[in-house]
Amino acid sequence: MKHNIQVGLVEDQFLFREGMKAIIGTWEGMEVVFESADGYSVLERLKNAPAVPDVMLVDLSLPPDGEREYSGQQVTEDVTAAFPEMKILILSVHDDEHFINQLIHCGAHGYLVKDSAPQEVEEAINAVYHKGSYINERALKALQLKTVRKIKQKPANLVISKREEEILQLVCKQYTAEEIAQELFISVKTVNGHRNNLLQKTGSRNVTGLVLYAIRNNIVSLT
């Protein structure tokens, strides 16, 4: 039996949250199993939840916990530490490379602006669940413009093999491990081994971090 993608929503705006829940409920193979109007109670509630989401949509701007700020960035850091298999998609009104870069470094797997079309949200949920990352082209271009000028070459002490570079390029094209294995005529186990090596070498927390590393070091380019 096919597993539905279980989705969580962390959004303080009631109407937006209800709207997203209603829209996601119409998509085949997805269901909303968790929702929260704040970020600071999410971790504790997840530990006692009957179903833990595969993908969590998190608003960047959330209410404080008393005098303590608790934004979507804090939710991302805490949830990915406690539930490393869960994928985080940030929803924000900010279309700024500074926020995107910061959130990715904190462990987010994708970033969407709130005026994205519903089809793009569905595509992003599927992408982070099946392929480990999603960043739309607008965000990638913003990151590339900001960072490529700063880092023209790989660090001198970082050596990436030709095979690892091939795999990194295919990861950036949103290939799954199975698709990479088929493309390069190697086993899925070998692909995962190279991908784990790349994560360690580049200091990336997830596939999205690998994509950003590849862009910054001109291993891939946007056309």
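What volume does the largest cavity have? In this predicted model, the volume of the largest cavity is about 30 Å³. The structure holds one cavity of 30 Å³ or more. The sheet is described below, and then the cavity lining.

The sheet is open and is formed by six strands. Their order is β2-β1-β3-β4-β5-β6. The pairing is parallel. The edges are taken by β2 (30-36) and β6 (134-135). Each has a single partner strand, so one side of each is left without a neighbour in the sheet. Strands of a sheet pair through backbone hydrogen bonds, in either a parallel or an antiparallel way.

Within the sheet, strand β3 covers residues 55-59 and strand β4 covers residues 87-92. These two strands pair in the parallel sense, over five bridges. V58 stands opposite I90 in β4. Helix α3, made up of residues 72-82, lies across β3 and β4. The helix runs at about 175° to β4.

The largest cavity is lined by L9, V10, E11, F16, M20, L57, D59 and L91. Three elements give two or more residues to this lining: β1 (5-10), α1 (14-25) and β3. Strand β3 thus appears both in the pairing with β4 and in the lining of the largest cavity. By class, six of the lining residues are nonpolar and two are charged. No polar residue is found in the lining.

How values were computed. Residues numbered from 1 in each chain as written. Predicted model: local features only at pLDDT ≥ 70, side-chain atom pairs only at ≥ 80, totals over all residues. Heavy atoms only, no water. Pairing = 2+ DSSP bridges. Helix = DSSP H or I, 4+ residues; strand = E, 2+ residues; numbered from the N terminus. Contact = heavy atoms within 4.5 Å. Axes fitted to C-alpha atoms, helices over the stretch in contact; angles between N-to-C directions. 1 Å grid on protein atoms, 1.4 Å probe; cavity = no way out; pocket = protein on both sides within 12 Å on 5 of 7 lines; lining within 4 Å. Points joined across faces, edges and corners; volume = space filled by probe spheres on them. Nonpolar A, V, L, I, M, F, W, Y, C, P; charged D, E, K, R; others polar.
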